Amino acid sequence: MAYLELDSLTKAFGQTLAVDHFSLTVARGEFVSLLGPSGCGKTTTLQMIAGFEEPTGGTIRLNGRDLAGVPARERGLGIVFQTYALFPHMTVAENVSFGLEMRSIRRRERKSRIERTLDLVHLSHLSARYPRQLSGGQRQRVALARALVIEPDLLLLDEPLSNLDAKLREEMQLELRRIQQEAGVTTLLVTHDQNEAMALSDRIAVMHMGHLVQEATPFDAYENPTNAFTSNFLGKSNAIPCRVDHGALVTEGGVRLEAPAATRADGPILAALRPERIVFVEPEEAQITGTVMERIFLGDQWLFKVATPLGELLVTRRNSGHSEPDTGSTVHLAWQAEHLRVLAREAGA
């Protein structure tokens with residue numbers, strides 16, 4: 001049975017549909033991310049669940065309870081915003097205590113819950129400090145503790161890591177996942193960061209123009225995108241315009257490629273191929289030959305842009321500590337047919 005259920009949830013602002021018949025179920029204890037670009041409707045969806053926006057249509061049920069007409073303060077939700085919204089004049093412990101005081105929790109119970117929650121987020125030793133005395137990651141954990149201490153039925157996270165630098169954001173992803181699993185709280189995250197969604201989530205709900213375009217585990221969404229938008233948005237992808245002809249893929253330039261097994265398609269398609277699935281090979285093993293137009297060193301890997309008869313292809317190679325082909329070099333490329341994903345060309349954007 002679904003713990004959180006969104007059924008045909010819709011939100012219109014005048015003539016603009018921000019969210020269009022969006023349906024999703026979340027199991028108790030699950031971590032699900034709403035992933036998509038700015039303006040896709042993910043934050044509006046979160047605000048409707050929180051009670052900050054009134055739906056134009058559809059229903060929201062939490063543990064069997066219809067939330068229609070229920071004020072935000074009575075929904076029993078924990079919310080962490082992008083800005084953290086900590087009280088600068090309160091200590092860490094006082095910030096965490098605030099929600100309990102608003103609920104008239106007795107002093108002894110408050111003290112016990114604060115200690116337990118600060119221990120969960122590894123901030124017990126900083127309980128007497130003020131927000132200005134904390135690092136960005138520590139402030140983020142205070143905001144998380146404040147949301148968790150009320151023992152919410154559902155935890156809503158609105159891009160909580162976006163203000164952190166790249167290295168700290170990666171560290172906090174691990175910390176956030178640990179905290180969510182230890183607390184066992186059902187969690188819905190809004191993010192535009194593909195890596196963040198894949199690192200944290202049990203499932204990803206990819207949104208585009210107010211619609212749910214794919215719902216899957218991070219692995220399945222990445223390896224088996226069902227549409228061109230998901231393929232392009234969730235990581236890098238080479239999209240090769242093709243048609244199917246007698247079991248082969250034929251590009252617009254007339255190049256024939258081996259198709260994945262059981263390929264069935266009518267009309268124009270895209271053959272999607274991840275850059276890491278393309279390998280440099282010897283000439284006699286090549287499926288295509290090209291010229292390196294650009295190469296970028298990313299530390300753990302190299303990213304190449306290669307001009308080929310199929311068009312420009314992105315290729316990634318792990319940094320092995322050895323020299324790599326330079327700009328202008330001829331390279332020979334190959335891949336396995338099973339790594340091609342055949343998608344409708346009109347799908348996505």
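# Notebook: pockets, a cavity and helix H3

I searched the whole structure for enclosed space and found one cavity of 30 Å³ or more. I worked on a 1 Å grid over the protein atoms alone, where a cavity is a set of points that a 1.4 Å probe fits but cannot leave, a pocket is an open set with protein on both sides within 12 Å along at least five of seven lines, and a lining residue has an atom within 4 Å of a point. Grid points are joined across faces, edges and corners, and a volume is the space filled by probe spheres set on the points. I also noted that this is a predicted model, in which local features need pLDDT of at least 70 and side-chain atom pairs count only at pLDDT 80 or more, while totals for chains, interfaces and linings use all residues. Residues are numbered from 1 along each chain as its sequence is written, and side-chain values use heavy atoms, with hydrogens and water left out.

**Entry 1: the whole protein.** I looked up the secondary structure and found eight helices and 20 strands, where helices (H or I, at least four residues) and strands (E, at least two) are DSSP runs numbered from the N terminus. The C-alpha atoms fill a box of roughly 75 × 50 × 35 Å along the principal axes. Of the 349 residues, 48% are buried; buried means under 20% relative accessible area, exposed means over 50%, and partly exposed lies in between, with a 1.4 Å probe and protein chains only. Among contacts with a separation of 6 or more, 67% join residues 24 or more positions apart, a contact being heavy atoms within 4.5 Å.

**Entry 2: the cavity.** The largest cavity has a volume of about 70 Å³. Its lining includes Tyr222, Glu223, Ala272, Leu273, His339 and Arg341, and helix H7 (218-223) and strand S14 (269-273) each supply at least two of the lining residues. I sorted this lining into four nonpolar, three polar and four charged residues, counting Ala, Val, Leu, Ile, Met, Phe, Trp, Tyr, Cys and Pro as nonpolar, Asp, Glu, Lys and Arg as charged, and the others, Gly among them, as polar.

**Entry 3: the pockets.** I turned next to the largest pocket, which holds about 450 Å³ of space. It is lined by 17 residues, and Leu77, Ile79, Phe81, Arg103 and Ile150 lie nearest its centre. Strand S6 (77-80), helix H2 (92-102) and helix H4 (136-148) are the elements that give two or more residues to this lining, which divides into 12 nonpolar, two polar and three charged residues.

The second largest pocket holds about 260 Å³. Of its 16 lining residues, Leu120, Leu148, Glu151, Pro152 and Ala183 are the closest to its centre. Which helix gives the most to the lining of this second largest pocket? I found that helix H3 (residues 107-120) does, with five residues. By class, this lining has seven nonpolar, three polar and six charged residues.

**Entry 4: helix H3.** I then followed H3 itself, which has 14 residues and reaches 20 Å from its first C-alpha to its last, close to the 20 Å expected at 1.5 Å a residue (the expected span is 1.5 Å times one less than the number of residues). Arg110, Arg113, Ile114, Thr117, Leu118 and Leu120 are buried in H3. Why do they lie on the same side of H3? They cover an arc of only 145 degrees around the axis, which puts them on the same side; the arc is that of the directions from the helix axis to the C-beta atoms. The buried residues of H3 pack against H2, H4 and helix H5 (166-183), whereas the face turned away from the buried side carries the exposed residues Arg108, Lys111 and Asp119.

**Entry 5: a residue in H2, and positive phi angles.** Gly99 lies in helix H2 and counts as buried at 10% relative accessibility. Gly99 and Arg110 are 11 residues apart in sequence and 9.7 Å apart in space, C-alpha to C-alpha.

Most residues other than glycine have a negative phi. I therefore noted Ala85, which has a positive phi of about 55 degrees although it is not a glycine. Ala85 lies in the loop between S6 and H2 and counts as partly exposed at 40% relative accessibility. Ser104, in the loop between H2 and H3, has a positive phi near 60 degrees and counts as exposed at 63%. Just after H3, His122 takes a positive phi of about 60 degrees.
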